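Student: Hi, I have a new structure open and I'd like to walk through it. Can we start with the cysteines?
Tutor: Sure, let's bring it up.

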Amino acid sequence: MSKRHVITGCSFQAGQTVSIEPGGQIMLPSDTSQTNGNNGAVEALCIKTKNGFQIIPRVVDVRKLYIEATTVCNFACTTCIRNSWHDELSHMEWGVFKRIAESLDRLPRLERVHFGGFGEPFSHPRLLDMLETVKNRGLRAEVITNGSLLSEEVINKLIDLKLDMIFVSLDGPDEAEYCHIRQGADFHGVLNNLNLLNEIKAQRGVHYPELGIEFVATKDNFHKLPCLAKLVQELNARRMIVTNVLPYNEEMKDQILYDMDDTGALFGNDSVLLMIQAQMPYMKLRTERYCKFVEDKAMVVNHMGFVSPCYALMHSYNCYIYGRIKEMYPFYLGNVTEKKLDQIWTEPIYINFRRAVNNFHFPSCTDCKFLDGCSYVDNNDGDCWGNSPSCAECLWSRQLIACP
């Protein structure tokens with residue numbers, strides 16, 4: 001029998017669910033019969049830590065929800081994750097989305113829903129219905145797109161729905177640079193669509209959806225960043241997000257810029273404009289680690305309805321960390337067809353994962369002196385500190401990779 005401990009008169013053990021009374025007293029499930037059902041008690045999870053135990057309230061405090069409407073895309077980009085995965089390309093079934101929609105009212109602190117992931121959202125035949133469902137709940141709605149499917153009809157519908165934000169991936173300010181990455185794409189067609197978006201907004205006297213531009217930086221296109229910043233200004237974009245490339249194939253592994261000295265002005269006088277306009281990533285590995293997904297209290301639902309804590313753990317794929325191949329396995333915490341989102345969020349395994357990431361109790365494999373010959377870095381299944389899955393080499397947490 002495991003050793004039991006006592007706090008404020010209650011005995012408990014690791015992994016057990018307890019209740020925290022308004023006055024701070026911790027109650028076991030067997031003790032709740034002594035209290036009224038509506039006395040403000042909050043369920044909590046008891047977790048064993050290195051220095052004892054930690055009591056974490058089981059609060060449904062999700063603030064942001066990412067939904068991958070599809071893994072289908074009409075572009076073939078050299079930077080895309082689909083270059084290294086074997087997952088099926090398909091749309092989210094409407095029944096799966098309905099299950100998500102049924103959970104929205106059960107997330108009392110939810111503020112925004114972002115449609116993105118690893119597909120082109122506008123290729124889903126019912127994306128506009130999804131957006132309307134979210135907006136009818138009074139939530140902020142965002143979409144990231146390649147911009148190619150923004151027709152006049154679609155733009156007007158987005159305005160009718162009062163879409164809050166639309167991010168467009170634009171990896172170059174001119175046709176040559178853009179099409180080098182986005183093979184088969186029509187740069188001028190996308191640019192025309194963005195100008196059309198601005199024209200229709202002006203005609204209708206609205207400021208929404210606000211426009212944001214995302215740029216994936218590689219060695220080949222980084223020198224064009226100041227030119228892109230000027231284009232962003234001309235397009236009246238409210239946000240500009242720059243992210244480093246995460247190579248998903250061997251062809252791209254030498255395109256990384258993470259070893260650059262980013263302490264000075266990278267582009268001379270143009271650096272001032274970039275500092276004002278762009279959300280820039282780190283260009284060099286640093287000690288600090290920070291998980292945007294956990295800190296933002298976000299959860300991610302992929303096109304099959306599986307819930308993951310972040311983009312990096314949505315699918316099975318290979319990527320290259322500083323030229324070294326790494327196999328990535330997904331980490332699923334539940335499926336919306338089986339459980340509501342609030343239930344998945346408050347599961348002990350999810351609470352414990354967020355706690356571990358908040359404390360970032362993971363080794364720093366990327367710059368470890370024992371890296372050579374270490375089998376733990378071959379995949380994200382585990383690490384030498386006993387974590388599974390391991391976030392030890394997450395480049396998002398190093399702020400090298402960014403997303404909306």
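Student: How many disulfides does the structure hold?
Tutor: Zero disulfides. Keep in mind that this is a predicted model.

Student: Why is there no bond between C310 and C291?
Tutor: Distance. C291 has the cysteine sulfur closest to that of C310, but the gap is 6.1 Å, which is too far for a bond. A disulfide needs the sulfur atoms within 2.5 Å.

Student: And how far is C319 from the nearest cysteine sulfur?
Tutor: That sulfur belongs to C394, and it is 9.6 Å away. C319 is in no disulfide either.

Student: Are C310 and C319 buried or exposed?
Tutor: C310 is buried, because its relative accessible area is 10%. C319 is buried as well, because its relative accessibility is 2%. The cut-off for buried is under 20%.

Student: Zoom out for me. How many helices and strands are there in the protein chain?
Tutor: The chain has 10 helices and 20 strands.

Student: What share of the residues is buried?
Tutor: 53% of the 404 residues count as buried.

Student: And what about contacts between residues far along the sequence?
Tutor: Take the contacts between residues at least 6 apart in sequence. Of these, 70% join residues at least 24 apart.

Student: Show me a pair of helices. At what angle do α1 and α2 pack?
Tutor: About 10°. Helix α1 covers residues 94–104, helix α2 covers residues 127–136, and their axes are 11 Å apart.

Student: What do we call that arrangement?
Tutor: Roughly parallel, because angles under 35 degrees count that way.

Student: Which residues meet there?
Tutor: From α1 you have W94, F97, A101 and L104. From α2 you have D129, M130, T133 and V134. By class, this contact has six nonpolar residues, one polar and one charged.

Student: Now another pair. At what angle do α3 and α5 cross?
Tutor: Roughly 45°, with axes that come within 10 Å. Because of that angle, α3 is oblique to α5. Helix α3 is residues 152–161 and helix α5 is residues 187–204.

Student: Is the crossing left-handed or right-handed?
Tutor: Right-handed.

Student: Which residues make the contact?
Tutor: On the α3 side, E152, I155, N156, I159 and D160. On the α5 side, N193, L196, L197, I200, K201 and R204. They divide into five nonpolar, two polar and four charged.

Student: Let's move along. Which residues of α6 are buried?
Tutor: L225, P226, L228, A229, L231 and V232. The helix itself runs over residues 225–234.

Student: What comes just after α6?
Tutor: Look at N236, with a positive phi of about 60°. N236 sits in the loop between α6 and β14.

Student: Why point that out?
Tutor: Because most residues other than glycine have a negative phi. N236 is not a glycine.

Student: Is N236 buried or exposed?
Tutor: Exposed, because its relative accessibility is 55%.

Student: Where else do I see a positive phi?
Tutor: Try K162, at about 60° and also not a glycine. K162 belongs to the loop between α3 and β11.

Student: What about odd peptide bonds?
Tutor: Most peptide bonds are trans. Y208 and P209 are joined by a cis one, with omega about -5°. P209 is in the loop between α5 and β13. S388 and P389 are joined by a cis bond too, with omega about 0°. P389 falls in the segment after α10.

Student: Back to burial. Is E177 buried or exposed?
Tutor: Buried, because its relative accessibility is 11%. E177 lies in helix α4, residues 175–181.

Student: What does E177 touch?
Tutor: Skip its neighbours within four places in sequence. Then E177 is in contact with D171, G172, D220, N221, H223 and K224.

Student: Last one, a strand residue. Where is M328?
Tutor: In strand β19, residues 324–328. M328 is buried, because its relative accessibility is 10%.

Student: How far is M328 from S316?
Tutor: They are 12 residues apart in sequence, and 5.6 Å apart in space from C-alpha to C-alpha.

Student: Which residues is M328 in contact with?
Tutor: Beyond four places in sequence, its contacts are A312, L313, H315, S316, Y317, C319 and N380. C319 is one of the cysteines from the start, in no disulfide.

Technical notes: Residues are numbered from 1 along each chain as its sequence is written. This is a predicted model: local features need pLDDT of at least 70, side-chain atom pairs count only at pLDDT 80 or more; totals for chains, interfaces and linings use all residues. Side-chain values use heavy atoms; hydrogens and water are left out. Axes are lines fitted to C-alpha atoms, for helices over the stretch in contact, and angles run from 0 to 180 degrees between N-to-C directions. Helices (H or I, at least four residues) and strands (E, at least two) are DSSP runs, numbered from the N terminus. Angles under 35 degrees count as roughly parallel, over 145 as roughly antiparallel, 65 to 115 as roughly perpendicular and the rest as oblique. A crossing is left-handed if the near helix is turned anticlockwise from the far one by less than a right angle, and right-handed if clockwise. Contact means heavy atoms within 4.5 Å. Ala, Val, Leu, Ile, Met, Phe, Trp, Tyr, Cys and Pro count as nonpolar, Asp, Glu, Lys and Arg as charged, and the others, Gly among them, as polar. Buried means under 20% relative accessible area, exposed over 50%, partly exposed in between (1.4 Å probe, protein chains only).
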